[in-house]
Amino acid sequence: QAQLVESGGGLVQAGASLTLSCAVSGRTFDRDSMGWLRQAPGKEREVVAAVSWSGENTYYADSVKGRFIISRDNTKSTVYLQMNSLKPEDTAVYSCAAKRTFYSGVYYLTVSQYDSWGQGTQVTVSS
């Protein structure tokens, strides 16, 4: 069975940086498009970043563009989310998600498109 396990969350002050990791097993990782999702209290789950097979294409939600960087290491079956200049509104449970994909350069912007996801890691940003 597929497993996606996030790590790296925590409590930080506004302006700080934090890097999340997601270790993937039980999947052909280099044929998966990967994404990072988040759900803040009282808000809908959203895709904040996504990346294609080899990192050739990336997507960022407007709210995080210029501050977050998604990357992947296919030799380690791991996807990362580097978060810089964190704001209180970034407070959420962050989870990684995978989608079996058949073309290079493809990523997914809709939560429901992903076929597997992890339990998530809490990121809390204080002001």
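Guide: Two strands pair if DSSP finds at least two bridges between them, strands being DSSP runs of E, at least two residues long, numbered from the N terminus. The model is predicted, so local features need pLDDT of at least 70 and side-chain atom pairs pLDDT 80 or more, while totals for chains, interfaces and linings use all residues. Residues are numbered from 1 along each chain as its sequence is written, and side-chain values use heavy atoms, without hydrogens and water.

Visitor: What makes β9 and β10 a pair?

Guide: Two bridges join β9 to β10, and the strands run antiparallel. The rule asks for at least two bridges, so the pairing counts. Within this pairing, Ala 97 stands opposite Trp 117 of β10.

Visitor: How do you know that β9 and β11 pair?

Guide: Three bridges link β9 to β11, residues 121–126, in the antiparallel sense, and Tyr 94 has Thr 121 of β11 opposite it. β9 also pairs with β4, residues 32–39, over eight antiparallel bridges. One position of that pairing is Leu 37, whose bridge partner in β9 is Ser 95.

Visitor: What surrounds Ser 95, and why is it called buried?

Guide: Ser 95 belongs to strand β9. Its relative accessible area is 3%; buried means under 20%, exposed over 50% and partly exposed in between, with a 1.4 Å probe and protein chains only. Since 3% is under 20%, Ser 95 is buried. A contact is heavy atoms within 4.5 Å, and, leaving aside residues up to four places away in sequence, Ser 95 touches Glu 6, Gly 35, Trp 36, Leu 37, Arg 45, Gly 118 and Gly 120. Leu 37 thus appears both as its bridge partner and among its contacts.

Visitor: What makes Cys 22 and Cys 96 a disulfide?

Guide: The sulfur atoms of Cys 22 and Cys 96 are 1.8 Å apart, and the limit for a disulfide is within 2.5 Å, so the pair qualifies. A search of the whole structure finds one disulfide. Cys 22 lies in β3, residues 18–25, and Cys 96 in β9, so the bond ties together parts that are 74 residues apart in sequence. Cys 22 has a relative accessible area of 0% and is therefore buried; Cys 96, also at 0%, is buried too.

Visitor: Where is Leu 18 found, and why is it called buried?

Guide: Leu 18 is found in strand β3, and its relative accessible area of 15% makes it buried. Not counting residues up to four places away in sequence, Leu 18 touches several residues, including Gly 8, Val 12, Leu 81, Met 83 and Val 123. Val 106 is 88 residues from Leu 18 along the chain, and their C-alpha atoms are separated by 26 Å.

Visitor: Why do β1 and β7 stand at the edges?

Guide: An open sheet of four strands has the order β1-β3-β8-β7, with antiparallel pairing. β1 (3–7) and β7 (68–73) each have a single partner strand, so one side of each is left without a neighbour in the sheet. For β7, six antiparallel bridges lead to β8, residues 78–83, and Arg 72 has Val 79 of β8 as its bridge partner.

Visitor: How do you know that Arg 72 lies over the face of Phe 29?

Guide: A charge sits over a ring if NZ of Lys or CZ of Arg is within 6 Å of the ring centre and within 35 degrees of the ring normal. Arg 72 lies over the face of Phe 29 at 4.4 Å from the ring centre. Likewise, Arg 31 lies over the face of Trp 53, at 4.5 Å from the ring centre.

Visitor: Why is the pair of Tyr 59 and Tyr 107 called stacked?

Guide: Rings of Phe, Tyr and Trp (its six-membered ring) pair if their centres lie within 6.5 Å; planes under 30 degrees apart are stacked, over 60 edge-to-face and the rest tilted. By this rule there are two aromatic pairs. The centres of Tyr 59 and Tyr 107 are 6.1 Å apart and their planes stand at 25°, so the pair is stacked. Tyr 59 lies in β6 (residues 58–60) and Tyr 107 in the loop between β9 (92–100) and β10 (116–117), so this pair ties together parts 48 residues apart in sequence. Tyr 59, at 22% relative accessible area, is partly exposed, as is Tyr 107 at 30%.

Visitor: What makes the pair of Tyr 108 and Tyr 114 edge-to-face?

Guide: Their ring centres are 6.1 Å apart and the planes of Tyr 108 and Tyr 114 stand at 75°, so the pair is edge-to-face. Both Tyr 108 and Tyr 114 are buried.
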